[in-house]
Amino acid sequence: MVHGSRPTSLIVLAAFTFVVTANALALFSIKQSKKKAAKWPRREKLPKDLETWKFFTIKEYMEAWNELRPLLAQHNLELWRTSAGQQLWDRDLPPQGDNFFYLTSHDFPNSSLARWSHFSVLTACLHHAARMDGIRDVVLRVVSLSAGDTGQTHLRIIKRLASPPDQLLSSNHILPILKEIYFEDIVIIAVPKLIFDVRDALRHVKDNSVEDGLYMALQAFEATAYIHQNLIAHRDLYLTNFMVEWMPESLSKRTTVARPRVYMIDFETAVDFPPDSLEADRVCTTFHRDLDQFGRYIAPELRTKEPYCPFKLDMWQLGEDLRINLATGLDEVDGLWQALCMPNPQDRMNADTALKTLDDYLRKTPSINLHMAILDPLDANEPMYIYD
């Protein structure tokens with residue numbers, strides 16, 4: 001009897017184990033389904049268009065990005081902590097090297113080391129700094145919210161420039177797209193986070209030399225020439241939309257013979273034209289912002305309310321910013337900046353010519369002649385020309 005009961009006991013035990021396991025799996029499945037459901041943002045809690053998102057208060061900004069936090073976590077993205085006007089990563093050492101993030105080897109004070117963990121959001125509500133995969137820092141950017149939104153043009157242009165063969169060309173100065181995140185009609189991209197924009201670097205007049213600044217300008221011209229050759233115009237081509245890998249600080253202490261690469265960013269206002277379009281048809285009839293609220297230097301042709309050439313507009317914006325922020329006291333250089341922002345668009349130098357002109361100047365000029373401080377920025381309201 002004892003031996004005969006063994007198979008029956010095993011059957012009962014197996015059945016009990018099956019029931020317990022099935023119940024455990026069911027409970028786990030329920031928990032997982034609830035967990036997954038909780039990870040999706042509520043679309044009604046997010047803006048319906050880019051313009052609303054762009055002009056958030058700090059409270060609205062934090063609420064919107066916090067709503068996205070669980071979705072971003074699914075993509076291994078952890079948002080930086082937001083404080084007044086900036087974001088901070090204050091939990092550990094800098095990220096791993098990714099060929100975009102560099103610290104200079106300067107002794108203290110070291111601008112790169114001091115700034116790597118800060119990200120300004122004063123005028124960048126569409127952006128948020130994040131740590132990706134636990135090892136590298138990125139900038140998240142909301143680029144599109146609906147099929148009829150202008151963000152679709154932005155997305156199309158940057159995806160084109162960040163895809164082969166364009167992304168493989170050394171003359172293309174665009175950051176790669178590391179991730180694309182889709183949630184209903186919202187598209188968010190992640191790009192490498194750099195520390196400084198070019199205007200930042202030029203304003204450090206005690207650290208960066210004229211030569212440092214001119215090689216940044218040379219790359220900005222190459223970047224502009226590349227997109228113009230591809231019939232893409234930026235329309236917001238100020239120095240804050242060029243990022244630089246590190247601040248050379250060659251006036252403080254020369255620690256490397258390498259030069260930092262410059263990248264063009266923020267194609268939100270960019271336009272493109274078909275290859276078979278006529279030059280006369282490559283014009284714009286509107287501008288992306290009310291001029292009274294634009295907050296930047298304004299090209300003369302925009303005030304006329306007439307159709308304008310966006311390529312000529314790019315050259316004026318870049319030239320005017322260089323004229324104000326990279327004053328050198330060198331006639332050939334300062335004259336080049338003026339040639340870019342002539343009042344009549346037809347009189348302005350194009351990007352290819354500006355690139356060749358500055359490159360020729362740097363080739364013939366001894367480096368030691370340019371190892372001097374950049375002059376203090378000019379008054380933006382100071383007229384370029386004095387008229388009789």
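**View 1. Helices α8 and α9 pack against each other in this predicted model.** Here α8 covers residues 310-325 and α9 covers residues 331-340. Two packed helices are described by the angle between their axes and the distance between the axes. For this pair the angle is about 145 degrees, and the axes sit 7 Å apart. The crossing of α8 past α9 is left-handed. On the α8 side, M315, W316, G319, L322 and R323 make the contact, and they meet W337, Q338 and L340 of α9. Sorted by class, this contact comes out as five nonpolar, two polar and one charged residues.

**View 2. Five strands build an open sheet.** Reading across, the order goes β1-β5-β6-β8-β7, and the pairing is antiparallel. Which strands stand at the edges? They are β1 (77-79) and β7 (179-183); each has a single partner strand, so one side of each has no neighbour in the sheet. On average, neighbouring strands are turned by 35 degrees against each other, ignoring direction.

**View 3. Strands β6 and β8 run antiparallel.** Zoom in on β6 (residues 136-144) and β8 (residues 186-192), and you'll find six bridges joining them. If you want a spot to start from, try S144, which stands opposite V187 in β8.

**View 4. Helices α3 and α5 both touch strands of the sheet.** Helix α3 (residues 58-74) lies across β1, β5 (127-132), β6, β7 and β8. Its direction is about 160 degrees to that of β1. Helix α5 (residues 151-161) packs on the sheet too, with β6, β7 and β8 as the strands it touches. Against β6, the direction of α5 makes about 135 degrees.

**View 5. The largest cavity holds about 180 Å³ of space.** Rolling a probe the size of a water molecule over the atoms shows where empty space is left. Searching the whole structure turns up two cavities of 30 Å³ or more. The largest cavity is lined by 15 residues, and the closest to its centre are D212, P248, T256, A258 and R259. Its lining is a mix: seven nonpolar, four polar and four charged residues.

**View 6. The second largest cavity holds about 40 Å³.** Who lines this one? L161, N172, H173, I174, A223, I227, M264 and F267 do. By class, that makes six nonpolar and two polar residues, with no charged ones in the lining.

Notes
Residues are numbered from 1 along each chain as its sequence is written. This is a predicted model: local features need pLDDT of at least 70, side-chain atom pairs count only at pLDDT 80 or more; totals for chains, interfaces and linings use all residues. Side-chain values use heavy atoms; hydrogens and water are left out. On a 1 Å grid over the protein atoms alone, a cavity is a set of points where a 1.4 Å probe fits but cannot get out, and a pocket is an open set with protein on both sides within 12 Å along at least five of seven lines; lining residues have an atom within 4 Å of a point. Grid points are joined across faces, edges and corners, and a volume is the space filled by probe spheres set on the points. Ala, Val, Leu, Ile, Met, Phe, Trp, Tyr, Cys and Pro count as nonpolar, Asp, Glu, Lys and Arg as charged, and the others, Gly among them, as polar. Axes are lines fitted to C-alpha atoms, for helices over the stretch in contact, and angles run from 0 to 180 degrees between N-to-C directions. Helices (H or I, at least four residues) and strands (E, at least two) are DSSP runs, numbered from the N terminus. A crossing is left-handed if the near helix is turned anticlockwise from the far one by less than a right angle, and right-handed if clockwise. Contact means heavy atoms within 4.5 Å. Two strands pair if DSSP finds at least two bridges between them.
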